[in-house]
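Visitor: I am new to this structure. Please show it to me, and then I will ask my questions.

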Amino acid sequence: MITCIATDMDGTLLNENQEISEANKQAILDAQRQGIEVIVATGRSYEEARFVIKDAGLSCDIICANGAEVRNKKGEVVYQAGIESALAKEIAATLNETGIYFEIYTDQGTYTENYKMGIELIVDIFKTANPDVSEEQVRQAAKERFEKGHIKLVDDYGVLFEDSSQLVYKFLVFSFDDKQLTEANEKLNKITGIAISSSGRENIEVNSLEAQKGVALEKLLNDKGLSAEHAMAMGDNLNDLSMMKAVGRPVAMGNALDQVKEFCPFITATNREDGVAKAIQEALQQTANS
């Protein structure tokens, strides 16, 4: 019996047009009508996630920034797990040693020091999820997400660390240089108190240890009085594994990384083939027959 469904966004809930398909939308609505909680769990900021979900006419709780923030259906913050200022400074200094590009997510928005590289980062995430889509289409979608996501340009990240009114959620690191990315990853792994994951070929995501999709999902389930054993989680990349390990029914997308597929006993269709809808309908059918 399934009482809760958690789904990743990029490469999972969203198709090659970075939209929630009609089939996925209807499957979610079917689940909600049956009293099943549906939760979106994403590496995106709340603003980046909200406009896509709203455009589809859906309403659900959202786990944002890999679990650094949880918002309820009303958009109210119900959980936060940020990176302390001193630790954020250490992470930034470590990344700056390599000269690698990175963005910073806070409770007040997403920041970049380089607009052009910010676009390239989003293009990489989109291309990872949808490798067959044209470069032009992906780049246009990236620009739209950048604009709608309210990503802000800042001269120096240091002002964020000194601003006590902002809580740092996540570092999103990006490079086309494999050697540079490997160097950054090796240096980051020497820092204690952080969780390191990835959502694309050329990126690294850095959060607090308490800011992981699985940790946030478990807290949300506890608050709702729901069992993790009766929860389903769907995803395609490494930053989805923590929530897959937390539930009784982990489902890998057909386009998921091999490492994700190897862990999951259930595999659905790709995000271009309404894999989320098919996984939900299968779970609903099994629940009805149990």
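Visitor: Which element gives the largest share of the lining of the largest cavity?

Guide: Keep in mind that this is a predicted model. Two elements give two or more residues each to that lining: helix H5 (115–129) and S9. The largest share is 3 residues, and the element that supplies them is H5.

Visitor: What is the volume of the largest cavity?

Guide: The count comes to 2 cavities of 30 Å³ or more. The largest is lined by 18 residues, with Asp10, Ile125, Ser199, Glu205 and Asn239 nearest its centre. Its volume is about 160 Å³.

Visitor: Is strand S9 largely enclosed or open?

Guide: Strand S9 covers residues 168–174. A residue is buried when its relative accessible area is under 20%. In S9, 7 of the 7 residues are buried, so the rest of the structure leaves the strand largely enclosed.

Visitor: Which residue of S9 is the bridge partner of Tyr101?

Guide: Look at strand S6, residues 101–106. S6 and S9 pair in the antiparallel sense, over 6 bridges. Tyr101 has as its bridge partner in S9 the residue Phe174.

Visitor: Which residue in S11 stands opposite Phe171?

Guide: S9 also pairs with strand S11, residues 203–208. These two run antiparallel, joined by 5 bridges. Opposite Phe171, in S11, stands Val206.

Visitor: What is the order of strands in the open sheet of 8 strands?

Guide: Start from the edges, where each strand pairs on one side only: strand S5 (77–80) and strand S14 (266–267). Between them the pairing is mixed. One pair is strand S1 (residues 4–7) with strand S12 (residues 231–235), parallel over 4 bridges. The order is S5-S4-S3-S2-S1-S12-S13-S14.

Visitor: At about what angle does helix H9 run to S3?

Guide: Helix H9 covers residues 213–224. It lies across S1, strand S2 (37–41), strand S3 (61–64), strand S4 (69–71), S5 and S12. Its angle to S3 is about 150°.

Visitor: Which helix gives the largest share of the largest nonpolar core?

Guide: That core has 38 residues. Ile5, Ile20, Ile53, Met232, Met234 and Ile280 touch the most other members. The largest share, 6 residues, comes from residues 275–289, which form helix H12.

Visitor: Which residues does Ile280 contact, leaving aside neighbours within four places in sequence?

Guide: Two of its contacts are partners across strands: in S12, Met232 is the bridge partner of Ile5. Ile280 is in contact with both Ile5 and Met232. The full set is Ile5, Ala27, Ile28, Ala31, Met232 and Met234.

Visitor: Which residues of helix H3 are buried?

Guide: Helix H3 covers residues 46–55. Just after H3 comes Gly57, with a positive phi of about 75°. Within the helix, the buried residues are Tyr46, Glu48, Ala49, Phe51, Val52 and Ile53.

Visitor: Is Gly193 buried, partly exposed or exposed?

Guide: Gly193 sits in the loop between helix H8 (178–188) and strand S10 (194–197). Beyond four places in sequence, it touches Leu87, Asn207, Ser208 and Leu209. Its relative accessible area is 35%. Buried means under 20% and exposed means over 50%, so with 35% Gly193 is partly exposed.

Visitor: How far apart in space are Gly193 and Asn207, C-alpha to C-alpha?

Guide: In sequence the two are 14 residues apart. They are also in touch. From C-alpha to C-alpha, the distance is 8.8 Å.

Terms used:
Residues are numbered from 1 along each chain as its sequence is written. This is a predicted model: local features need pLDDT of at least 70, side-chain atom pairs count only at pLDDT 80 or more; totals for chains, interfaces and linings use all residues. Side-chain values use heavy atoms; hydrogens and water are left out. Buried means under 20% relative accessible area, exposed over 50%, partly exposed in between (1.4 Å probe, protein chains only). Two strands pair if DSSP finds at least two bridges between them. A nonpolar core is a set of buried Ala, Val, Leu, Ile, Met, Phe, Trp, Tyr and Cys residues joined through side-chain atoms within 4.5 Å. Contact means heavy atoms within 4.5 Å. Axes are lines fitted to C-alpha atoms, for helices over the stretch in contact, and angles run from 0 to 180 degrees between N-to-C directions. On a 1 Å grid over the protein atoms alone, a cavity is a set of points where a 1.4 Å probe fits but cannot get out, and a pocket is an open set with protein on both sides within 12 Å along at least five of seven lines; lining residues have an atom within 4 Å of a point. Grid points are joined across faces, edges and corners, and a volume is the space filled by probe spheres set on the points.
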